[in-house]
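Dear colleague,

I am passing on the structure below for your study. A description of what was found in it follows directly after.

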Amino acid sequence: MGDETVAHFLLGEKFTALSGSVYGGLVASLLDCHGTGSAAAFACVAENIDLENTEIIPVRCVTASLKIDFKAPTTMGTELELIGKLRSIEGRKIWVDMTLSAGDILCATGEIFSVHHIPHHPFFL
Ligand SMILES: CCCCCCCCCC(=O)SCCNC(=O)CCNC(=O)[C@H](O)C(C)(C)COP(=O)(O)OP(=O)(O)OC[C@H]1O[C@@H](n2cnc3c(N)ncnc32)[C@H](O)[C@@H]1OP(=O)(O)O
């Protein structure tokens, strides 16, 4: 993983919105999921948690804020690549910058602010 996280997705046609392109809400969902997962992974690196030999990642993050900019239609039928880069960590607060591309086309950028290690948060009871 190094200083960035990468994920690949090939979506089915049921996620089509405008002809030939992926529904924007799904683009946002992919960036949300990749962002929280990346934030958890970056938190593990910061805390020297060995991700290679850990069955269950002991860090969970939730989205506090998510911003998406749609740059170009996301082509249906092309494998999508998501890349996350750590912007900063301040205690429980983690900011990750993301891109979503279809082949050579940059389709969307995202910024996520997520929060981790939440004792007694209802999500984790
Ligand atoms: C397959 C397994 C996958 C597992 C991953 C699942 C995650 C998938 C992603 C999601 O879908 S998460 C669901 C959508 N997100 C939510 O429902 C979150 C709802 N919001 C909350 O639960 C709380 O507001 C939150 C946990 C984000 C923060 O509440 P806390 O009580 O823990 O902390 P607090 O309110 O004290 O905020 C902590 C810090 O963050 C700051 N902060 C919180 N929300 C902010 C915001 N929106 N913008 C900017 N700053 C914010 C806040 O000011 C503060 O800064 P300081 O520490 O400097 O004082």
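**Overall fold**

The protein chain in this predicted model has a secondary structure of one helix and five strands. Followed along the sequence, these elements take the order β-α-β-β-β-β. The radius of gyration of the protein chain is 15 Å, close to the 14 Å given by the globule rule for 125 residues, so the chain is as compact as a globular protein of that length. Its C-alpha trace spans about 45 × 30 × 25 Å along the principal axes.

**Contacts and burial**

How much of the protein chain counts as buried? Of its 125 residues, the share is 37%. Among contacts in the protein chain with a separation of 6 or more, 67% are accounted for by residues 24 or more positions apart.

**Surface and charge**

The protein chain has an accessible surface of about 7,400 Å², and carbon and sulfur atoms make up 54% of that area. As for charge, the protein chain carries 8 positive and 15 negative charges, and the mean positions of these two groups are 9 Å apart.

**Annotated region**

An unreviewed UniProt entry lists residues 20-104 as "domain: Thioesterase". In the model, the end C-alpha atoms of residues 20-104 lie 17 Å apart. The span is 27% helix and 36% strand.

You may wish to begin your reading with the order of the helix and strands, β-α-β-β-β-β, and then turn to the span that the UniProt entry lists, residues 20-104.

With kind regards

Methods:
Residues numbered from 1 in each chain as written. Predicted model: local features only at pLDDT ≥ 70, side-chain atom pairs only at ≥ 80, totals over all residues. Heavy atoms only, no water. Helix = DSSP H or I, 4+ residues; strand = E, 2+ residues; numbered from the N terminus. Rg over C-alpha atoms; globule rule 2.2 N^0.38 Å. Buried < 20%, exposed > 50% of the residue type's maximum accessible area, 1.4 Å probe, protein only. Contact = heavy atoms within 4.5 Å. Areas by Shrake-Rupley, 256 points an atom, 1.4 Å probe, with all protein chains shown as cover. Lys, Arg positive; Asp, Glu negative; His and termini not counted. Charge placed at Lys NZ, Arg CZ, Asp CG, Glu CD. UniProt positions renumbered as here; feature names shortened; annotations may be inferred.
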